[in-house]
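The exercises below are meant to be worked with the coordinates open beside the text. Each one sets a task and then goes through a solution step by step.

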Amino acid sequence: MRAISPPAEPESADAAEDAALRILRGAGQSSASLQRKLERRGYSADAAVEAVRRCTALGYVDDASMAASVAARHRRAGHGRARVAADLRSKGMAPGLITEALAGQDGGEEAAALAVAQQLWERAGASGTRDRRARMRVAGALQRRGFSSSLVARVLRGLS
C-alpha cells in the first residue's frame, strides 16, 4: 500500500471535498466510510464532515441506496441476514438503514438457504439421508453464509 502524504490544508473543507471526489471515483462509499478515509488521509474531522455533507447534498453519497444495493448483492450471492447485517455495519451504515435493507430479505431467505444447501449437498455427493458428516459440512457452510441456526436446522430437514 502506498504511503499517503498529509494534505497541504488539513482544515480545508474544499480540499477534503476534492479528495472525497477522488475516493468516490473508485467506488461508492457510505458517508461513514468516506469520512473515515478522509480522516485517515489527514483531514480534520470538521473538514471531513463538511466534505461528506457536500457530497451527500450533491447526490454522490446515498447511504439508503447503497444499503439496498449491498443487501441485493448479498441476496444474489445466497447470503443470510446475519452476513448482510455484518457487512452493512462494517460500512458504517446506521441501524435504521440496516433494518430497512434487511426487511426486503425476509420472504426469500428460507428459499435461498434451501437452494444453497441443495447445491452443497449435491456437490458433496452425499448418497443417503444418514450421511451425518455431509450434513454437518452443509450446516457449517450455511452458518458461515449468515443463515441463523434455526433456519439451518429447518433447511437440513428438507434436504433430499
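**Exercise 1. The surroundings of a core residue**

Leaving aside its neighbours within four places in sequence, with which residues is Val138 in contact?

Solution. Begin by noting that the model is predicted, with a mean pLDDT of 87 for the protein and 92% of its residues at 70 or more. Next, search around Val138 while leaving aside neighbours within four places in sequence, which returns Ala117, Leu120, Trp121, Leu156 and Leu159 as its contacts. Then place the residue in its wider setting: the largest nonpolar core has 16 residues, and within this core Val138 and Leu142 are those that touch the most other members. At least two residues of this core come from each of helix 7, helix 8 (132-144) and helix 9 (149-157). Apart from this core lies another, made of 15 residues, with Ala15, Tyr43, Ala48 and Val61 among them.

**Exercise 2. Two residues of helix 8**

Determine whether Leu142 and Ala139 are buried or exposed, and list what each of them touches beyond its sequence neighbours.

Solution. Take Leu142 first, which is found in helix 8. Buried residues are those under 20% relative accessible area, and Leu142 counts as buried because its relative accessibility is 0%. Not counting residues up to four places away in sequence, Leu142 touches Ala113, Val116, Ala117, Phe147, Val152 and Val155. For one of these partners the backbone separation is also available: the C-alpha atoms of Leu142 and Val116 are 7.7 Å apart, although 26 residues separate the two along the chain.

Turn then to Ala139, which lies in helix 8 and is buried, with a relative accessible area of 11%. Its contacts, once neighbours within four places in sequence are left aside, are Val152 and Leu156. Between the C-alpha atoms of Ala139 and Leu120, which are 19 residues apart along the chain, the separation is 9.7 Å.

**Exercise 3. The buried faces of two helices**

Identify the buried residues of helix 9 and of helix 6, and establish how they are arranged around each axis.

Solution. In helix 9 the buried residues are Leu151, Val152, Val155 and Leu156. Viewed down the axis of helix 9, these buried residues fall within an arc of 135 degrees, so they line one face of the helix. Helix 7 and helix 8 are included in what covers them.

Repeat the procedure for helix 6 (residues 95-103), where Leu97, Ile98, Ala101 and Leu102 are buried. Here the arc seen down the axis of helix 6 is 130 degrees, so the buried residues again line one face of the helix. The cover over the buried residues of helix 6 includes helix 4 (63-76) and helix 5 (81-90), whereas the face turned away from the buried side carries the exposed residues Pro95, Thr99 and Glu100.

**Exercise 4. A helix pair and one of its residues**

Describe how helix 4 and helix 5 pack, and examine the part that Asp87 takes in their contact.

Solution. Two packed helices are described by the angle between their axes and by the distance between the axes. For helix 4 and helix 5 the angle is about 145 degrees and the axes are 10 Å apart, while the crossing is right-handed. The contact is made by Ala67, Val70, Ala71, Arg73 and His74 from helix 4, together with Arg83, Val84, Asp87 and Leu88 from helix 5.

Now single out Asp87, which lies in helix 5 and counts as buried at 17% relative accessibility. Leaving aside neighbours within four places in sequence, Asp87 is in contact with Val70, Arg73 and His74. As a separate distance check, Asp87 and Ala115 are 22 Å apart from C-alpha to C-alpha, with their positions 28 residues apart in sequence.

**Exercise 5. A loop residue and the confidence of the helices**

Is Gly104 buried or exposed, and in which helices is confidence lowest and highest?

Solution. Gly104 lies in the loop between helix 6 and helix 7. Exposed residues are those over 50% relative accessible area, and Gly104 is exposed, with a value of 57%. The C-alpha atoms of Gly104 and Gly80, which are 24 residues apart along the chain, are separated by 12 Å. As for confidence in the protein, the lowest mean is 85, in helix 7 (residues 109-124), and the highest is 95, in helix 3 (residues 45-57).

Note on methods
Residues are numbered from 1 along each chain as its sequence is written. This is a predicted model: local features need pLDDT of at least 70, side-chain atom pairs count only at pLDDT 80 or more; totals for chains, interfaces and linings use all residues. Side-chain values use heavy atoms; hydrogens and water are left out. Buried means under 20% relative accessible area, exposed over 50%, partly exposed in between (1.4 Å probe, protein chains only). Helices (H or I, at least four residues) and strands (E, at least two) are DSSP runs, numbered from the N terminus. The arc is that of the directions from the helix axis to the C-beta atoms. Contact means heavy atoms within 4.5 Å. pLDDT is the predictor's confidence in each residue, from 0 to 100. A nonpolar core is a set of buried Ala, Val, Leu, Ile, Met, Phe, Trp, Tyr and Cys residues joined through side-chain atoms within 4.5 Å. Axes are lines fitted to C-alpha atoms, for helices over the stretch in contact, and angles run from 0 to 180 degrees between N-to-C directions. A crossing is left-handed if the near helix is turned anticlockwise from the far one by less than a right angle, and right-handed if clockwise.
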